[in-house]
Amino acid sequence: MIPMRSLASSLSGVSSFVAHSSSLGTWTVPIGHGYVLQDPLWLLALLAIILTALLRGRRRVPVLLVPFAAAWHRPSLASFSRWPIVLASVGLVLLVAGLARPQHVEDKREVRSQGYDIMLAIDLSGSMLAEDYEKGGDRINRLQAIKPVIQAFINDRPSDRIGIVVFSGRAYTLAPLTFDHDWLSKQTERLKIGLIEDGTAIGDGLGVSLTRLEQAKRESGGKRSGAFVVLLTDGVNNRGALTPEQATDIAEKRGVPVYTIGAGKDGIVPFPVFDDKGNKIGYRRMMADLDEEALRQISESTGGHFFRAADTDTIESAFKAIDKAQKIEFQAKSYLITTELFYWLAAPGLAALLLAALFARPLWQKEAAA
């Protein structure tokens, strides 16, 4: 039988040894695909456990020979005599292995991709309700016609950071620059006429877009590199703090090209009439007021291009023009994700030590009686 006093003294020696070994420094040791030991020096404690077991096995213990002792032997007690030391040894080994901090580590690598920073400035003025487009034989309004252009930017440009500014009588940021195109698509679905007070603040829409690009600043030779604004509108500027000329001057000084897309057809176009409940009850005729000359001036002054959204070729032409522009390389580092496995070893180790103490309880009682 092995007294718990000896086991306690062995544990004390092991603890002092491993505490001293931890002060020697640590380094990461790979142990398999994706697995490492963060503090491998703790494994030296296993040598202490083995050495302690060997020394205890060689130690001479005085015994008393009692005649006919075999007749007094109780198998139920003797069968548990070695369980405490076995369980304690297993528990110590598991704890030491846990202290070595096994970890599962995902690969750390750098990902490089090329793309643009693109702000979409979208007109949500009341005139965008004019239904001068057709799809599948049905009339659709200008916003419905321009949405495929927006979705093209989002879906076909996975390497671009894209943001959205909406404007009418005022300009607001709907979405800052982001790589999360799924979330951006959901924001695009929310677009509808009437979200903002009516009017057409083209200058403010362009100005807010430039501000958003300035917050994510990347300069090359004093100019904002790899950034573009795509302005979608169907009217003439009649509201806002900035005029289109002032906003164009800011874009030109910052070196940001502006691609302008004019929605709607020339001349008289059908405009829906709604009742108090929002139901369409008919149409009235209205004159289109797209300021094409101002949009051309914005794009030409900033190095962009003007497109008229009168057919499906507009999307393809816009992307070809953008592809010719300078590309910028974004560098993104993936995070090093580490999963600690200490608990998977420490928990069963502590459980084994607890069982060793429970099995050794009869031995404590016998020692106290002696």
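In the predicted model, helices H7 and H8 cross with a left-handed sense. Two packed helices are described by the angle between their axes and the distance between the axes. For H7, which spans residues 202-215, and H8, which spans residues 244-254, the axes come within 8 Å of one another and cross at roughly 25 degrees. Because angles under 35 degrees count as roughly parallel, H7 is described as roughly parallel to H8.

The contact between these two helices can be followed residue by residue. From H7, the residues taking part are Ile202, Gly203, Leu206, Gly207, Leu210, Thr211 and Glu214, and the residues that they meet in H8 are Pro244, Ala247, Thr248, Ile250, Ala251 and Arg254. By chemical character, the residues of this contact comprise seven that are nonpolar, four that are polar and two that are charged.

Both H7 and H8 also belong to the surroundings of helix H9, since the elements that cover the buried residues of H9 include H7, strand S12 (227-233), H8, strand S13 (258-263) and strand S16 (306-309). Within H9, which runs over residues 292-302, the buried residues are Leu295, Ile298, Ser299 and Thr302. Viewed down the helix axis, the buried residues of H9 lie within an arc of 90 degrees, and they therefore line one face of the helix. Glu293 and Glu300, by contrast, are exposed on the other side of H9. The residue that follows H9 is Gly303, which has a positive phi, near 90 degrees.

A division into a buried and an exposed side is also found in helix H6, formed by residues 181-189, in which His181, Leu184, Ser185, Gln187 and Thr188 are buried. These residues cover an arc of only 160 degrees around the axis, so they are placed on the same side of H6. The other side of H6 carries Asp182, Lys186 and Glu189, which are exposed. The partners against which the buried residues of H6 pack are helix H5 (142-155), strand S8 (161-167) and strand S9 (171-178).

These helices form part of a chain whose secondary structure comprises twelve helices and 18 strands. Of the 370 residues in the chain, 39% count as buried. When the contacts between residues at least 6 apart in sequence are considered, 77% of them are found to join residues at least 24 apart.

Terms used:
Residues numbered from 1 in each chain as written. Predicted model: local features only at pLDDT ≥ 70, side-chain atom pairs only at ≥ 80, totals over all residues. Heavy atoms only, no water. Axes fitted to C-alpha atoms, helices over the stretch in contact; angles between N-to-C directions. Helix = DSSP H or I, 4+ residues; strand = E, 2+ residues; numbered from the N terminus. Parallel < 35°, antiparallel > 145°, perpendicular 65-115°, else oblique. Left-handed = near helix turned anticlockwise from the far one by under 90°. Contact = heavy atoms within 4.5 Å. Nonpolar A, V, L, I, M, F, W, Y, C, P; charged D, E, K, R; others polar. Buried < 20%, exposed > 50% of the residue type's maximum accessible area, 1.4 Å probe, protein only. Arc of directions from axis to C-beta.
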